[in-house]
Amino acid sequence: MDKFVIRGGNPLRGTIRVSGAKNSALPCMAAAILTEDEVTLENIPQVRDIETERRLLASMGAEVRQGGADAPHTTTIRCQRLSDPVAKYEIVKTMRASSLVLGPLIARTGMARVAMPGGCAIGGRPIDLHIKGLEKMGAVITQQHGYLEARAERLKGAHLVFDKITVTGTEDLLMAAVLAEDETLMENCAREPEVVDLAALLTAMGAKIEGGGTSTIRVEGVGRLHGARHRIFPDRIEAGTFLIAGAITGGDLIVAGCNATHLSAVIAKLEEAGVRVDILGPDTVRVRGAERLRAADISTEEYPGFPTDMQAQYMALATQAEGVSVVEENIFENRFMHVQELVRMGANIKVEGRTATVRGPAKLSAAAVMCSDLRASASLVLAALVADGESILDRVYHMDRGYERIEEKLAGVGAEIRRMGNIFAPKGEESEAG
Ligand code: UD1
């Protein structure tokens, strides 16, 4: 298993570029199932979850081509025949987003077998709302041997009201609705930019959708969709992580190729903490560290609120701020696994239920720490960038699920970070569930 070796203390300076959004790319790749024509997606990040999705689609019979040396971020998918509409456990066990193929597979082929998802170990993460919606659209769903099996002649439009806001649930049912008979009205939908991105692709494929990005989405089902070419949005979580990297190291960093609008909640909080943030253009944000960071509370919410996917990274920053920062996690239970590692590096954090209380500033000292999930890993990288000495981060495969070449990008702006492969790793350990 690879490790990161990071020596803290360097302020980050220069320009760092944001990749395409993993969480947009995953549903957009799944949307290719809905047509027999070619779907070409640009700005696809080169991260582990995307490789898994490519393998998943190929295993179902899709032709999947990556753009080649000159366009490695372009992927073309053609699902002319889906000979095996099964999402096998061996492929999807590390990736929760496998549930995203459920809706499109039933809509296109009338049947789907999907292994129950894995992914980050942050709480129970059920998919009951996906199932409930598909059943309301006429699918018959059974569960056996760790697989969901769904069947429907043709899905029927329905009135769906989500009991709870769910991002992939909204995306999954949106993809089911575009080929369903008649109209589907979806209420209490997720408003995340990733839903907007997917709706834009589906519309380019010939779907009739109104209200993507609002809490009410109306879909008029069509008989067939055609191919399209689409560019994936920038990754707002990667961009937010870089903003914090600039702030925490007291640097002067330009985060390029992002979408500043998608970062509003994060930017507002950084400013409250005393960080200087300048929006230089719609896709460029400059961040400069504060003389003294001030404590500021966060409470994670659905978009446009403060994202749960930035909570761990923000906590690393809060350890350096003067005063008490209260961090409330409202989306996932059990999403404080980074805390014990930050404490091992010298942070002063107490957790009670869904609330973490961070007292700062704490002098962080380098340590050997373990990454437990994707965003927790990012939090540890940020902490290591300011810690005194050389930290070793183990299990960076979690990081590789969602951050493209992070060590090269950070090294490019002055961080002392390198990847170290572990030649003694037992065989097969790499594929451990993430
Ligand atoms: C997506 C993102 C993830 C992010 C999360 C919240 C992808 C691939 N992943 O995950 O990075 O952290 O949104 O912004 O886009 N829930 C149910 N039943 C369901 C579905 C969800 O109870 O059927 C609950 C979950 O347990 C959680 C909440 O709803 O408490 C939100 O989860 P959801 O929005 O579905 O997260 P994901 O779509 O899995």
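Colleague: Which residue in β19 is the bridge partner of Ile298?

Modeller: In this predicted model, Ile298 has Val327 of β19 as its bridge partner.

Colleague: What makes β18 and β19 a pair?

Modeller: Two strands pair if at least two bridges are found between them. β18 and strand β19 (residues 323-328) have two bridges, so the cut-off is met and they count as a pair. The sense of this pairing is parallel.

Colleague: Why are β18 and β20 said to stand at the edges?

Modeller: The strands belong to an open sheet of four, ordered β18-β19-β21-β20, in which the pairing is mixed. β18 (298-299) and β20 (348-352) each have a single partner strand, so one side of each lacks a neighbour in the sheet.

Colleague: How do you know that β8 and β9 pair?

Modeller: The requirement is at least two bridges. Strand β8 (residues 140-144) and strand β9 (residues 147-151) have five bridges, so they pair, and they do so in the antiparallel sense. Within this pairing, Gln143 stands opposite Leu148 in β9. The two strands form a hairpin with two residues between them. His145, in the turn, has a positive phi of about 50°.

Colleague: Why is Gln340 called exposed?

Modeller: The relative accessible area of Gln340 is 56%. A residue is called exposed when this value is over 50%, so Gln340 is exposed. Gln340 is found in helix α11 (residues 337-344). Its C-alpha atom is separated by 19 Å from that of Val5, which is 335 residues away along the chain.

Colleague: How do you know that Asn23 makes a polar contact with the ligand?

Modeller: A polar contact needs a pair of N or O atoms within 3.5 Å. An N or O atom in the side chain of Asn23 is 3.0 Å from an oxygen atom of the ligand, so the pair qualifies.

Colleague: What makes Asp128 and Val167 comparable cases?

Modeller: The same limit of 3.5 Å applies. A nitrogen atom of the ligand is 2.7 Å from an N or O atom in the side chain of Asp128. An oxygen atom of the ligand is 2.8 Å from a polar backbone atom of Val167. The protein covers 88% of the 740 Å² of accessible area that the ligand has on its own. Two elements, α5 (128-136) and α6 (167-177), give two or more residues to the shell; α5 has the largest share, with three residues.

Colleague: Which residues come nearest to the ligand?

Modeller: Of the 18 residues around the ligand, the nearest are Arg96, Thr166, Thr168, Asp309 and Ile331. The shell comprises seven nonpolar, five polar and six charged residues.

Note on methods. Residues numbered from 1 in each chain as written. Predicted model: local features only at pLDDT ≥ 70, side-chain atom pairs only at ≥ 80, totals over all residues. Heavy atoms only, no water. Near = heavy atom within 4 Å. Polar contact = N/O pair within 3.5 Å; in protein donor to acceptor, adjacent residues only side chain to side chain. Areas by Shrake-Rupley, 256 points an atom, 1.4 Å probe, with all protein chains shown as cover. Nonpolar A, V, L, I, M, F, W, Y, C, P; charged D, E, K, R; others polar. Buried < 20%, exposed > 50% of the residue type's maximum accessible area, 1.4 Å probe, protein only.
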